[in-house]
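These are my notebook entries on one protein structure. I set down each item in the order in which I looked it up.

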Amino acid sequence: MSRWTISSLVLTCFSLAVSLAVPKAQSQRDLTFTTVDVRGSTHTEANGVDGAGDIVGFYVDSKRVEHGFKDVAGKITTINFPSSTGTRAYGIDLNAMFMVGSYTDSTFTPRGFQLDASGKFTTVDVPGAAWTRAMSVNSAGTIVGAYADSAGVVHGFLDKNGKGSFTTLDFAGAVLTEIHSIVNLRYMAGIFVDSSGVEHGVQGARGTLGSAITVPGAGLTSADGVNDAINIVGHFGASAAEPFHGYLFMGGQFQTIDFPGATDTRCNGISDAIDIVGRYTDVKGMVHGFLAK
């Protein structure tokens, strides 16, 4: 894995607004960026980070096969669900007790999984679903993610304590809902698509979805990671088309996060120490993972 570090002033901060208010510049913040690449990969994404700063994500090898990975202080461990045709790691709890993600079976259908600290894999499938993706887990083993029903409609789900008792989570009036992150206080973040086809972030506590999250002036907002202090990260753009910018929603303000020199940046996870992980696209079109501290 190659790593390099750049200190950079992050771009404009925005005032809090879940409505489309005019952005207001705030003070700037220094962040140190590190590229996270699995050696020999053609595409790497960093998706989750625990309290110790260990990172999980996935990469694509030279044969275009996806593999999950865990990065502990720069040492990479590959994670493959047994007999799968591809594996992605999406989330790790803050105490590193559980990891979750998705794998594709022999028919290339996405199915969720949980991996515990002993190395035991468990499939996570919503009953009757066409596909399931497990996207985040907390230290109690509660899993959240997304699934498609038999009609192809995508819903969020919560599996309390990982016991296989699934609750469907749909934002009111939405045509699509996904839950991307849950932390130990059971606060959640995710996305929904409204009846006009516009994607918004969504947040909620204790198994319910509360308010929408929309970066002021954005045509798309995704909420992808949350920590126990209810700091939220994600990405936004003028429309559903790339490029996107990452953001941190903290202290009632939106702050844009762009990896230096990148053409596209997306923030996927955040720890209680405000370690932020995600992906960026370089000028050659290659996708890399990153860590911002």
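**Entry 1: a strand pairing.** I began with T177, which stands opposite F192 in β17. The model I am reading is predicted. I then looked up the strands around this pair: β16 (176–182) is joined to β17, residues 187–193, by 6 bridges, and the two run antiparallel. In general, strands of a sheet pair through backbone hydrogen bonds, either parallel or antiparallel.

**Entry 2: the sheet.** I traced the pairing outward and found an open sheet of 4 strands in the order β16-β17-β18-β19, with antiparallel pairing. I noted β16 and β19 as the edge strands, since each pairs on one side only.

**Entry 3: a hairpin elsewhere.** I next looked up β10 (residues 110–116) and β11 (residues 121–124), which run antiparallel and are joined by 4 bridges. Within this pairing, L115 stands opposite F121 of β11. The hairpin has 4 residues between its strands, and I recorded a positive phi near 95° for G119 there.

**Entry 4: T221 and V215.** I located T221 in strand β20 and V215 in the loop between β19 (212–213) and β20. Is T221 buried or exposed? T221 has 0% relative accessibility and therefore counts as buried, the cut-off being under 20%. V215, at 1% relative accessibility, also falls under that cut-off, so I entered V215 as buried.

I then asked which atom of V215 the side chain of T221 reaches. The T221 side chain reaches the backbone nitrogen of V215 at 3.1 Å. Beyond its neighbours within four places in sequence, T221 is in contact with I191, E199, H200, G201, I213, T214, V215, H235, F236 and Y247. I also looked up V215 against G237: the two are 22 residues apart in sequence, and their C-alpha atoms are 8.8 Å apart in space.

**Entry 5: the largest pocket.** I closed with the largest pocket, for which I recorded a volume of about 700 Å³. The pocket is lined by 38 residues, of which Y90, M135, H180, D224 and N268 are the closest to its centre. Which elements give two or more residues to this lining? I listed β4 (43–49), β8 (86–92), β12 (131–137), β16 (176–182), β20 (220–226) and β24 (264–270). By residue class, the lining divides into 16 nonpolar, 13 polar and 9 charged residues. Two strands from my earlier entries thus recur here: β16, an edge strand of the open sheet, and β20, the strand that holds T221, are both among the elements listed for the lining.

Key. Residues are numbered from 1 along each chain as its sequence is written. This is a predicted model: local features need pLDDT of at least 70, side-chain atom pairs count only at pLDDT 80 or more; totals for chains, interfaces and linings use all residues. Side-chain values use heavy atoms; hydrogens and water are left out. On a 1 Å grid over the protein atoms alone, a cavity is a set of points where a 1.4 Å probe fits but cannot get out, and a pocket is an open set with protein on both sides within 12 Å along at least five of seven lines; lining residues have an atom within 4 Å of a point. Grid points are joined across faces, edges and corners, and a volume is the space filled by probe spheres set on the points. Ala, Val, Leu, Ile, Met, Phe, Trp, Tyr, Cys and Pro count as nonpolar, Asp, Glu, Lys and Arg as charged, and the others, Gly among them, as polar. Buried means under 20% relative accessible area, exposed over 50%, partly exposed in between (1.4 Å probe, protein chains only). Two strands pair if DSSP finds at least two bridges between them. A polar contact is a pair of N or O atoms within 3.5 Å; within protein, one must be able to donate a hydrogen and the other to accept it, and residues adjacent in sequence count only if both atoms are side-chain atoms. Contact means heavy atoms within 4.5 Å.
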